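Me: I'd like to learn how to read a model of a complex, one feature at a time. Can we walk through one together?

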Amino acid sequence: MFELLSFGDTGWGDDLLKGVVITVQLALCSVALGFSLGLLLAITKLSSFKILRWTAEAYTLFVRGVPEFLILLLVFFGSEQLINSSLAAMGFEATVAVPKFAAAVAGLSLIFAAYSCEVFRGAYLSVPVGQMEAAEAVGMTKMQGFLHIRMPQLWRFAIPGLGNLWMVMLKDTSLAAVIALDELLRVAKVAGEATTNPLLFFITAGLIYLAMTALSDILRDKAEKSAQKGMASS
Amino acid sequence: MSVYQDAKYAVSDAACAALTPVTPDSFGQFCPRFIDGFFVTVELLVLSCALGLVIAISVAFARLSSNMFLNKAAFVYSYVFRGTPLLVQLWIMYFGLGSLGAENLGFLWPLFKEGWTIGLIVLTLNTGAYVSEILRGGLVNIPKGQMEAAVATGMSWFQSMFHIMLPQAFKIAWPAYGNEVVLLMKGSALVSTITVLDLMGQTRTVFSRSYNLEVYAYSAVLYLILAGMITLLFKFGENRMKTG
C-alpha cells in the first residue's frame, strides 16, 4: 500500500511534494501581502480620521464574522466577474480567467490583514507612552521616536500573535483545495480518487500539515525567546 | 422532534414573509433555503459546542493529571487536532474512513453515511481540542492553594474541581472561549464540502443555479448576524459573571 507514496512514475510522492511546495508558496505570498495590508490597516485604525478609522473597523468586523471559506469563494468568483464586467465596460470583448493561485492569495491575504492589524495595533499600544515622551524630551522628532524607540520594541509584542497567525494561515491554505488549486490537500484528494485509497492520502496530507505546524511552533518559540532577550523574565 | 420541526417551519415562514417584501428578489426567491441553512448551522454549532465542552473539560483534567498515559494521550489529541486543518479532518473522516464502507465499519457505518453526523463529530473533536487548551490555561492560572484549601475542607477532588476551580477557570477563559465559538461558527461552513446543507451549503447550491454573486453577500450578512449574536451572548455572560 505504501508504494503509492513512492516517488517516480508509479507513486504519488513527487506529486504530494509539489503540492507541499504550492502550499508553502501560497502561505508565504499571502502572509507577505497580508502583512503589508495589515500594517496599513493598523495605521488607518490609529489615525485621527474618523471615516478612515470606521472603514477599517468595519472591514475587520466583517472578516472576523464571516467564514474564511465564504470570503475565499467570494474573492474567487467575484474577482473574475469584476474584471470581466469592467473589461466589457471598457469595450473589450474578452473573458479573463483569474489564476487560481492569485485568487487564493488575494482571499487569504485579505483575511490575514484583518487579524494581523489587531496584533499590530495591540503591539503599538503596548509600548509605554512615557517612552515616547522621553524620546521627544531628548530632542527626537516624532519619526525618529517611532523608528528608534517604538519600532524595535513593537516586534517583541507582535511576534507571539504573528506566529499564531502564521500557523492559522498554513492551515487555511487547505481551503484552496475547494477552488481546485493543486496544493497539498487537493493533490491528496486527486490521488485518493485515482487509486481508490483516499484514507491513505488524506492521512498522509494530515501528517504533512502536522509536521509543518509543529516546525512552525518550534520556530515561533525560538523567535519569541530571542525577542525577549535582555528583558526581565515575567 | 416534530414540534421542533414545526416551530422551525413556522419561524422560516414568518421570517420569509417579513423579509421578502423588503429584500431584493434574488434573496426573497431563495429565502426558505437561507433560513433552513441558517438553522442547520445553528444546530451544528450548539450541539458541537455543548459536546465539545464535555470533551474539553475531560481533556483539560487529563492534561493536569499525574497519570502519564492520560496526560500524554490528552496532549497528543489536542496537538493533532490543533495542528491540522479542519478541512483535512473532515475529509479524512468522510471521504477517507467513509470509503471503507459498511462491511469494514460495521456498527459505525450509520455514522459515516451522513455528512451531518461526521460534520458534528469532527466539529466537536476540533473545538474540544481548542477549548481544552483554553481551559487548561485558565486552570493553571488559579493559585494552587485554592485546590488544597478545598480538599482540606473535606471536598473530594471532583467537588473541588467543579465548585472551586472550574468556575474560576471559566471566568479567566471566557473572552478566549467566546472567540473560539465564533471561530467554530466560521469553521462550520466547511461541512458544506461534505454534502451538508448548512448556510454555506445552501449558499453554494443557490449560487450554482443563479451564478449571482449577491447570494454570497446575503450569506455573509446572515453569518455576521450569527457572529453578532454569539458576541452579545458572551458579553452578557461576562456582565453576569462580574456581579458578586
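Reply: Sure, here is a tour from overall fold to contact, core, one helix and one residue. Keep in mind that this is a predicted model.

Me: Then let's start with confidence. What ipTM and pTM does the predictor give the complex?

Reply: Both come out at 0.92 for the complex. For a single chain, look at pLDDT: chain B averages 93, and 99% of its residues reach 70 or more.

Me: Next, secondary structure. How many helices and strands does chain A have?

Reply: Chain A has 8 helices and 0 strands, so its pattern along the sequence is simply α-α-α-α-α-α-α-α. Chain B has 12 helices and, again, 0 strands.

Me: And overall shape: what radius of gyration does chain A have, and what would a compact globule of 234 residues have?

Reply: The idea is to set the chain beside a globule of its length. A compact globule of 234 residues would come in near 17 Å, but chain A has 22 Å. Along the principal axes, the C-alpha atoms of chain A fill a box of roughly 70 × 55 × 25 Å. The C-alpha trace of chain B spans about 65 × 55 × 35 Å.

Me: How much of each chain is buried?

Reply: In chain A, 33% of the 234 residues count as buried. For chain B the figure is 39% of 244 residues. Sequence separation is worth a look too: among contacts in chain B with a separation of 6 or more, 72% join residues 24 or more positions apart.

Me: On to the contact between the chains. How many residues does each one bring?

Reply: Chain A brings 29 residues and chain B brings 26. On the chain B side, α4 (68-83), α5 (86-96) and α12 (214-242) each supply at least two residues. The largest share there, 7 residues, comes from α12(B). Sort that side of chain B by residue type and you get 18 nonpolar, 7 polar and 1 charged.

Me: Which residues have the most contacts inside the largest nonpolar core?

Reply: That core has 113 residues, and the ones with the most contacts inside it are L70(A), A188(A), A205(A), L87(B), L90(B) and L135(B). Helix α4 of chain A (residues 100-126) gives the largest share, 14 residues. To see one of these up close, pick L135(B): leaving out residues up to four places away in sequence, it touches A56(B), I57(B), A60(B), A169(B) and A173(B).

Me: Now a single helix. What should I check on α7 of chain A?

Reply: Length, then burial, then partners. Helix α7(A), residues 184-195, has 12 residues and reaches 16 Å from its first C-alpha to its last, close to the 16 Å expected at 1.5 Å a residue. For burial, the general idea is that an α-helix has 3.6 residues a turn, so residues three or four places apart point the same way. In α7(A), the buried residues are L184(A), L185(A), R186(A), V187(A), A188(A), K189(A), A191(A) and G192(A). They pack against α1 (13-46) and α8 (198-227) of chain A, together with α5 of chain B. Just after the helix, T196(A) takes a positive phi of about 50°.

Me: Last one: why does M231(A) count as exposed?

Reply: Count its neighbours. M231(A) is exposed because it has 9 other C-beta atoms within 10 Å, and the cut-off for exposed is 12 or fewer. M231(A) sits in the segment after α8 of chain A. Its C-alpha is 37 Å from that of F62(A), 169 residues away along the chain.

Definitions and conventions. Residues are numbered from 1 along each chain as its sequence is written. Chains are lettered from A and ligands numbered from 1 in the order in which they are written. This is a predicted model: local features need pLDDT of at least 70, side-chain atom pairs count only at pLDDT 80 or more; totals for chains, interfaces and linings use all residues. Two residues are in contact if their C-beta atoms, placed from the backbone, lie within 7 Å. Helices (H or I, at least four residues) and strands (E, at least two) are DSSP runs, numbered from the N terminus. Ala, Val, Leu, Ile, Met, Phe, Trp, Tyr, Cys and Pro count as nonpolar, Asp, Glu, Lys and Arg as charged, and the others, Gly among them, as polar. A nonpolar core is a set of buried Ala, Val, Leu, Ile, Met, Phe, Trp, Tyr and Cys residues joined through C-beta atoms within 7 Å. A residue is buried if 20 or more other C-beta atoms lie within 10 Å of its own, exposed if 12 or fewer, and partly exposed in between; C-beta atoms are placed from the backbone. The expected span of a helix is 1.5 Å times one less than its number of residues. pLDDT is the predictor's confidence in each residue, from 0 to 100. The radius of gyration is taken over C-alpha atoms; the globule rule is 2.2 Å times the number of residues to the power 0.38.
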